[in-house]
Amino acid sequence: MIEKAGLIEDCGMKNFWKGYDYCSEISIQQQSQQNCLCSGVPKEECGVFGIYRHPEAAQLTYFGLYALQHRGQESAGISVAREKDKIFSHKGMGLVHDIFDMEDLKRIEGGGGSAIGHVRYSTTGDSNLTNAQPFVVQHRGRAYAVAHNGNLVNAHILKNELEENGSIFQTTMDSEVFLHLFIKNLKQGNVIQAIQKAVVKIEGAYSFVLLTCKGEVIGVKDPHGFRPLALGKLNGHYVLSSETCAFDLVQAEFVRELDPGEIVIINEDGVQSIKPEKPLETRSLCIFEYIYFARPDSTICGKNVYQMRKALGRQLAKESHVDADFVMPFPDSGNYSAIGYAEESGIQFEMAMIRNHYVGRSFIQPTQSMRDFAVRVKLNPVRELIKGKEIIIIEDSIIRGTTARTRVQALRNLGAKKVHMRISCPPHRFPCYYGIDFSTKGELVAATKTQMELTHFLGLDTLHYLSIEGMLEASGVENPADNFCKACFDGSYPVAFDSGISKKCMG
Ligand code: SF4
């Protein structure tokens, strides 16, 4: 039984409770409350990690999730298979280091086993403990756990069908639809056949890691390859991770990125791979992973994120030169593109805003003055650099425009003579339905204002976005238009969806 300790209202991220333990048979809960700071920037969309049979499986998964924390800060969980037919889990609301302590990890780890883990930002369903992953189910006395990165665009339709046929849903997550389909098909075959039959039904973006009570760890990537999922190896133990930065932290070697539509099964026979008989001719890796979401020290599909961001900055400088005293990012947004822009343009790079790295999510902000403090405490200007100067700010994206507007105003207040803004991606004019949290046009300032209106709205002297062609060229990928999803920039969606899709469409 899960009991709510209370509700803290802030700017959309609610219900922060510390973790609870359960095995596939029992649930024990511990709770505490936290608060958070949010800004008007896009939210990451979950990270997954898995390791096959290791004496410190839970601890290594904890480190893996630590490295993937940027992909989701609402909740996290770890599930371990170490005893016949059971899966032991610990989940909670908040950040990885708040949810787990050494005792939690040792308790679920026992003498070791296989583990999967998840960090969540909710793109479908509410942000609450019930929706925290990994999601564990039991079927005929055997437990299965799943962790999902992505968004299923037909989950609400499939959920209706399943409910009409008697299925009872425990959560409002799209991921649960996959589990129902998996369990339904498990009656007719083995685990792999059940996965294969389930993925035929689901559409959209998914990189899953699954754990069976026998300790098998299974990775599944959707046929379009929207979200990254990589295979690594740690002293003979195979690992799966959303990003390679987690391999670095646990000192695993990178083996390869999974192909779109691939299923890898890790068990006592090693790694078995099942690939689609007829792979799609085009791939749709989310290009925004490189622009914004992924960590700069990760490499996705052979391209390092840091280097890609620098290349985007260089391309931006070629397309939008303007004379200025210096180029600056607002850390960490735009850091690497700003380096590339400065290199290409020959304009000096300065860190004119200093980030306080010790700002947590835990201070209370009930009054307006406290909220203003919350903004100022995170970034503080080097005033001497700014007064009387012509400045180019490099941003990696503008979604709602509120953050960018505040930043420009701050520079004006400090006496900047001119403020130019350069964005290292094209304007976001279309919502994302594949797992990123801007799911309506109304949230996108570039969809509702012309560039001139936006320049005025943000209080800028000039504004320039990277072109779609420039973005694709800077990727350095052969035939980039056939390899990336760029739907939020041009509206050409690789997977169709119906008008009923929304963050709350699962109830
Ligand atoms: Fe990524 Fe944009 Fe495609 Fe969403 S629509 S998957 S954010 S490129």
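# A tour of two helix pairs and a ligand

Start with helices α9 and α10: α9 passes α10 in a right-handed crossing. Keep in mind as you look around that this is a predicted model.

**Stop 1: α9 and α10.** Select residues 305-319 for α9 and residues 335-345 for α10. Their axes come within 6 Å and cross at roughly 45°, so the two helices count as oblique to each other. Now show the side chains where they touch. On the α9 side you'll find Tyr306, Arg309, Lys310 and Leu312, among others. Across from them, α10 brings in residues including Tyr336, Ile339, Tyr341, Glu343 and Glu344. Try colouring this contact by residue class: you should get seven nonpolar, four polar and six charged residues.

**Stop 2: α1 and α3.** Next, pick residues 57-67, which form α1, and residues 102-109, which form α3. Here the axes sit 8 Å apart, at an angle of about 130°. That angle makes α1 oblique to α3. Which residues in α1 meet α3? Look for Ala57, Ala58, Gln59 and Tyr62, which meet Met102, Leu105, Ile108 and Glu109 in α3. Colour this contact by class too, and you get six nonpolar residues, one polar and one charged.

**Stop 3: the ligand.** Finally, click on the ligand and show what surrounds it. The cysteines there are Cys286, Cys432, Cys485 and Cys488. Add Ile287, Phe288, Tyr434, Ile436 and Ala487, then Arg227 and Lys486, and you have the surrounding shell. How many polar residues does this shell have? There are no polar ones, just nine nonpolar and two charged residues.

Definitions and conventions: Residues are numbered from 1 along each chain as its sequence is written. This is a predicted model: local features need pLDDT of at least 70, side-chain atom pairs count only at pLDDT 80 or more; totals for chains, interfaces and linings use all residues. Side-chain values use heavy atoms; hydrogens and water are left out. Axes are lines fitted to C-alpha atoms, for helices over the stretch in contact, and angles run from 0 to 180 degrees between N-to-C directions. Helices (H or I, at least four residues) and strands (E, at least two) are DSSP runs, numbered from the N terminus. Angles under 35 degrees count as roughly parallel, over 145 as roughly antiparallel, 65 to 115 as roughly perpendicular and the rest as oblique. A crossing is left-handed if the near helix is turned anticlockwise from the far one by less than a right angle, and right-handed if clockwise. Contact means heavy atoms within 4.5 Å. Ala, Val, Leu, Ile, Met, Phe, Trp, Tyr, Cys and Pro count as nonpolar, Asp, Glu, Lys and Arg as charged, and the others, Gly among them, as polar. A residue is near a molecule or strand if one of its heavy atoms lies within 4 Å of it.
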